[in-house]
Amino acid sequence: MDSDEVKAALGGPLAGNGQVSADGMWWQDYRETGLTCIYDRGMILVGVVVGAVEGPLVRVGEVELIGRVPSEVRAEIHEFARSEGAAVRVNWSGDPEVAAWGVSMGTGRERGLSAGGWLEQKDTVVTSVLLVGPELAHDPYATAPVLHWCDVRERGRNPGAWPVAPDHERPRWEWVPLERVGPLRFGMSPAEVAAALDGEVPAGRIGHFPFYWWGEDGQWHLNEDRFEKAGVSAHYWLHPDGVPRLGAVTSYGRTGPQVLHVGIPLVGVAPSALNAAVMQHVEDHDLGLRFCLSGAAVWDGLQLALGATRVGDASVSEATFYTADWEM
């Protein structure tokens, strides 16, 4: 199908975000249906992402794929694949992938009503799926159309396990807002960041070229270094002197250093418990409150963003600390 046929088949829903590349590949969100459609050159449909929360129910054989507990879906996929003689492998996120079906599983945070009656994200995750045709099924996330939608080449590949470091084994880092997080001072160069982390070599680097529609043209700019041993990511902005400078630090939920604020641990705890603790402290001390894009509550006026990272069927909190002029 082409994009016009897709829109007609979906009843003409309003589209959300989208992006086109220089070589004619395109992805487009159709928010009213919980779908993202991935197009190759000529606007030909080659992949469909079905959202974990808003997407329609999708079934392969007798296995319901969407909005379910990931470990349960994984077990059912393996059982059905054995009966069909199909091979199951693990994709980049640690979820099952079956080339014979064009199925690559994923997850998203579950949502539900809070005690106060508003919609909030839960600690649990539920299943989503990327569905592709035979031309991409051999390795969907390595193909150009899918990479244009979600480039995972520099992300840490998950083997299908989500170990979490116990709190007592995590280093304790002090956060001085606008100044530093542990040994990392805002404004450091990438070389200085690596030296402060005992010379650790980044496990992955994420960057960009100036204009995505020109492709790999112009000077490549470093955005992020991932340090697996330290359990942090260093985020950079390009200084006028041409050197990337540290503008933000993320402590990983599963393995990162523990950071406390007013005695509240920010990393590696259940997001709902952290949310409750923040809101209680704000209420007790008559402070301001704001909400991150993740839905997490944070103290107003602090250069802090709270998020969550997956732990199997659930999630734990992680924290990003940033400078005053950093845009989250």
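This report describes the overall build of one protein chain and then several of its strands, hairpins and residues.

**The chain as a whole**

The model is a predicted one, and its chain contains five helices and 23 strands. The radius of gyration of the chain is 21 Å, close to the 20 Å that the globule rule gives for 328 residues, so the chain is as compact as a globular protein of that length. Measured out along its principal axes, the C-alpha trace spans about 55 × 50 × 40 Å.

Of the 328 residues, 46% count as buried, and the chain exposes about 16,300 Å², of which carbon and sulfur atoms supply 54%. When contacts between residues at least 6 apart in sequence are considered, 45% of them join residues at least 24 apart. The chain carries 25 positive and 44 negative charges, and the mean positions of these two sets are 4 Å apart.

**Strands β2, β3 and β4**

Strand β3, which covers residues 35–40, is mostly covered, with five of its six residues buried. It pairs with strand β2 (residues 26–30), to which five bridges join it in an antiparallel arrangement, and Asp29 stands opposite Thr36 of β3. Strand β3 also pairs with strand β4 (residues 44–50), again in the antiparallel sense, over six bridges; here the bridge partner of Tyr39 is Leu45 in β4. Both pairings are hairpins: four residues lie between β2 and β3, whereas three residues lie between β3 and β4.

**Strands β22 and β23**

Six of the eight residues of strand β22 (residues 304–311) are buried, so this strand is largely enclosed by the rest of the structure. Strand β22 pairs with strand β23 (residues 314–322) in the antiparallel sense over eight bridges, and one pair of bridge partners is Val311 and Ala314, the latter in β23. The two strands form a hairpin with two residues between them.

The hairpins described above each have a glycine with a positive phi in the turn, as the table sets out.

| Hairpin | Residues between the strands | Glycine in the turn | Phi of the glycine |
|---|---|---|---|
| β2 and β3 | four residues | Gly34 | about 70 degrees |
| β3 and β4 | three residues | Gly42 | about 80 degrees |
| β22 and β23 | two residues | Gly312 | about 65 degrees |

**The sheet of β11, β12 and β13**

An open sheet of three strands has the order β11-β12-β13, and its pairing is antiparallel. Its edge strands are β11 (175–176) and β13 (184–185), each of which pairs on one side only. Strand β12, made up of residues 180–181, pairs with β13 in the antiparallel sense over two bridges, and Val181 stands opposite Leu184 in β13.

**Asn275 in helix α5**

Among the helices, α5 covers residues 271–284 and includes Asn275. Is Asn275 buried or exposed? Its relative accessibility is 16%, and because a residue counts as buried under 20%, Asn275 counts as buried. Leaving aside its neighbours within four places in sequence, Asn275 is in contact with Gly295, Ala296 and Ala297.

Definitions and conventions. Residues numbered from 1 in each chain as written. Predicted model: local features only at pLDDT ≥ 70, side-chain atom pairs only at ≥ 80, totals over all residues. Heavy atoms only, no water. Rg over C-alpha atoms; globule rule 2.2 N^0.38 Å. Buried < 20%, exposed > 50% of the residue type's maximum accessible area, 1.4 Å probe, protein only. Contact = heavy atoms within 4.5 Å. Areas by Shrake-Rupley, 256 points an atom, 1.4 Å probe, with all protein chains shown as cover. Lys, Arg positive; Asp, Glu negative; His and termini not counted. Charge placed at Lys NZ, Arg CZ, Asp CG, Glu CD. Pairing = 2+ DSSP bridges.
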